[in-house]
Amino acid sequence: MNIAAKAVNVVEEAAAILSKLGVAEQLYKGGDMPSYSPVTGQEIARLKTVSAAEAAAKIEAADKAFRAWRNVPAPKRGELIRLLGEELRAAKADLGRLVSIEAGKITSEGLGEVQEMIDICDFAVGLSRQLYGLTIATERPGHRMMETWHPLGVVGIITAFNFPVAVWSWNTALALVCGNAVVWKPSEKTPLTALASQAILERAIARFGEVPEGLSQVLIGDRAIGEVMVDNPKVPLVSATGSTRMGREVGPRLAKRFARSILELGGNNAGIVCPSADLDMALRAVAFGAMGTAGQRCTTLRRLFVHESVYDTLVPRLKKAYASVSVGNPLETSALVGPLIDKPAFDNMQKALTEAKAQGGTVTGGERVEAGQATAYYVKPALVEMPKQQGPVVEETFAPILYVMKYTDFDAVIAEHNAVGAGLSSSIFTLDMREAETFLSSEGSDCGIANVNIGTSGAEIGGAFGGEKETGGGRESGSDAWKAYMRRATNTVNYSKALPLAQGVSFDI
Ligand code: NAD
């Protein structure tokens with residue numbers, strides 16, 4: 001842990017970035033909601049929260065904006081997102097740094113998150129000329145049947161602390177191109193990066209000109225403000241990213257009023273290392289997947305099944321990697337593992353490790369690392385060898401804990417792999433084509449993301465992102481995820497002089 005450090009004042013630096021990006025001081029000074037930096041544990045700002053009435057007024061304004069924006073041609077809407085991509089490129093260093101300050105990500109991951117925002121903008125600009133439906137053969141002569149995709153309305157966005165800005169951009173870039181307005185309830189743990197992202201979008205809006213007032217709104221507040229948005233009938237779609245607990249509350253509330261949801265919830269992702277695996281590759285992929293972002297990614301690798309024939313080769317090497325990984329202040333050092341978000345995250349990790357030990361687990365690492373401040377929570381990532389999949393292994397603990405288990409039989413390990421509530425990401429390491437293809441087949445991984453010879457985390461924006469079962473079933477980002485942000489109309493046009501009815505029904509009057 002001997003990493004060179006220089007002192008950084010997170011309070012001053014956060015304020016300087018916000019001011020540079022044009023965020024008004026009264027939005028983050030003297031308010032009622034503190035924001036902390038996990039890097040030092042210090043309070044870095046006090047934000048003004050919105051009341052329920054103010055939230056409703058913002059949603060109303062967004063709804064009004066939607067009614068004008070939906071009539072702007074889609075490729076023109078794409079121009080706004082092209083400008084947003086340009087503004088993000090210009091602000092990449094500042095926003096990336098603010099992500100590191102507020103979410104505790106190491107520098108390359110803070111910057112990587114902003115790059116992901118830029119990537120989705122590029123994707124959405126192209127998409128703005130591809131929002132097309134099908135033309136379908138009809139059984140009636142002189143008729144044409146087709147589908148049209150229309151904007152939906154106000155899209156509510158709820159985000160988690162661990163991807164404080166990228167998830168907003170996945171939703172916003174697509175929603176705006178699709179002709180919707182957006183209202184964003186960011187995590188109460190990372191509200192500053194939300195204000196910064198909104199300021200960057202406002203720069204793009206100013207350059208675009210003639211954007212209806214209120215097209216993009218931010219609601220600063222805790223989960224109660226999220227609930228206000230979830231219950232508002234002017235919000236036809238809520239895209240909510242966070243824990244499965246949150247999804248269990250939000251999902252039924254939306255269903256009750258027949259609103260749509262995109263639920264992006266917790267993961268308990270696994271990897272399988274087979275006898276033929278390239279172990280050097282598996283080692284690197286496992287290390288990044290399990291320890292990267294201090295285990296605070298929804299796609300973090302949490303369970304590893306290793307075939308008994310390679311267990312004694314791979315696991316000692318993994319333990320070595322765990323022992324040598326650098327943990328430290330992400331702003332001042334070149335550490336690969338930054339802090340946990342807060343004390344509750346640290347307590348949850350310790351609780352899971354205690355339970356794992358009680359169930360026969362052997363723990364390597366997991367202890368707290370002093371990185372200067374008593375109010376910051378840095379930990380050594382933990383590798384836990386478990387006799388079987390039980391206890392804390394079947395739940396997501398949002399911390400760097402990797403449970404490692406030995407397996408013998410391929411079919412049995414696939415069953416174990418799928419025997420948890422979450423269904424987000426998965427990977428297999430094998431050079432055996434039968435194993436790889438079986439894993440990807442309908443009888444293989446039951447997750448929304450299934451990979452071969454790469455880890456569970458670090459998705460690209462081109463694919464649809466999301467998972468099954470307790471992960472919520474939503475899809476965001478690439479592929480045809482845009483369809484969730486629009487409503488589909490099936491249109492049948494009769495250009496004949498007759499009125500034939502479908503299915504041969506006759507109704508002559
Ligand atoms: P969290 O569930 O505590 O909070 C997420 C967001 O939901 C916050 O903005 C919070 O204010 C809001 N919220 C909570 N309860 C709500 C309610 N009843 N009504 C409306 N809004 C409510 O999650 P977190 O600790 O910020 O993030 C970590 C979790 O998010 C992990 O479980 C992780 O796996 C998950 N996550 C999932 C994805 C994905 O794409 N599947 C991505 C990132 C994070």
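The questions and answers below concern the domains, the ligand shell, one sheet and the nonpolar cores of a predicted model.

Residues are numbered from 1 along each chain as its sequence is written. In this predicted model local features need pLDDT of at least 70 and side-chain atom pairs count only at pLDDT 80 or more, while totals for chains, interfaces and linings use all residues.

Reader: Into which domains is the protein divided?
Author: Domain bounds come from an automatic or database domain assignment. The division gives domain 1 (50–265 + 472–489) and domain 2 (269–460).

Reader: Which elements give two or more residues to the side of domain 1 that touches domain 2?
Author: The contact (C-beta atoms, placed from the backbone, within 7 Å) takes ten residues from domain 1 and ten residues from domain 2. Helices (H or I, at least four residues) and strands (E, at least two) are DSSP runs, numbered from the N terminus. On the domain 1 side, the elements with two or more residues are helix 3 (74–103) and helix 4 (107–127).

Reader: Where does the shell around the ligand lie relative to domain 1 and domain 2?
Author: A residue is near a molecule if its C-beta atom, placed from the backbone, lies within 6 Å of it. Of the 29 residues around the ligand, A160, G226, G242, E264 and C298 come nearest. Both domain 1 and domain 2 give residues to the shell, so it lies between them.

Reader: Which helix supplies the largest share of the shell around the ligand?
Author: Helix 7 (223–231) and helix 8 (244–256) each supply at least two residues of this shell. The largest share is four residues, and its source is helix 7.

Reader: Which strands stand at the edges of the open sheet 3-4-23?
Author: Three strands form this sheet with antiparallel pairing, where two strands pair if DSSP finds at least two bridges between them. Strand 4 (residues 143–151) and strand 23 pair over nine bridges. Each edge strand has a single partner strand, so one side of each is left without a neighbour in the sheet; these are strand 3 (135–136) and strand 23 (486–494).

Reader: Which helix gives the most to the largest nonpolar core?
Author: A nonpolar core is a set of buried Ala, Val, Leu, Ile, Met, Phe, Trp, Tyr and Cys residues joined through C-beta atoms within 7 Å; buried means that 20 or more other C-beta atoms, placed from the backbone, lie within 10 Å of a residue's own. Among the 149 residues of the largest core, A124, L174, V183, A196, M229 and Y485 touch the most other members. The most, ten residues, comes from helix 3.

Conventions. Contact = placed C-beta atoms within 7 Å. Buried ≥ 20, exposed ≤ 12 C-beta atoms within 10 Å, placed from the backbone.
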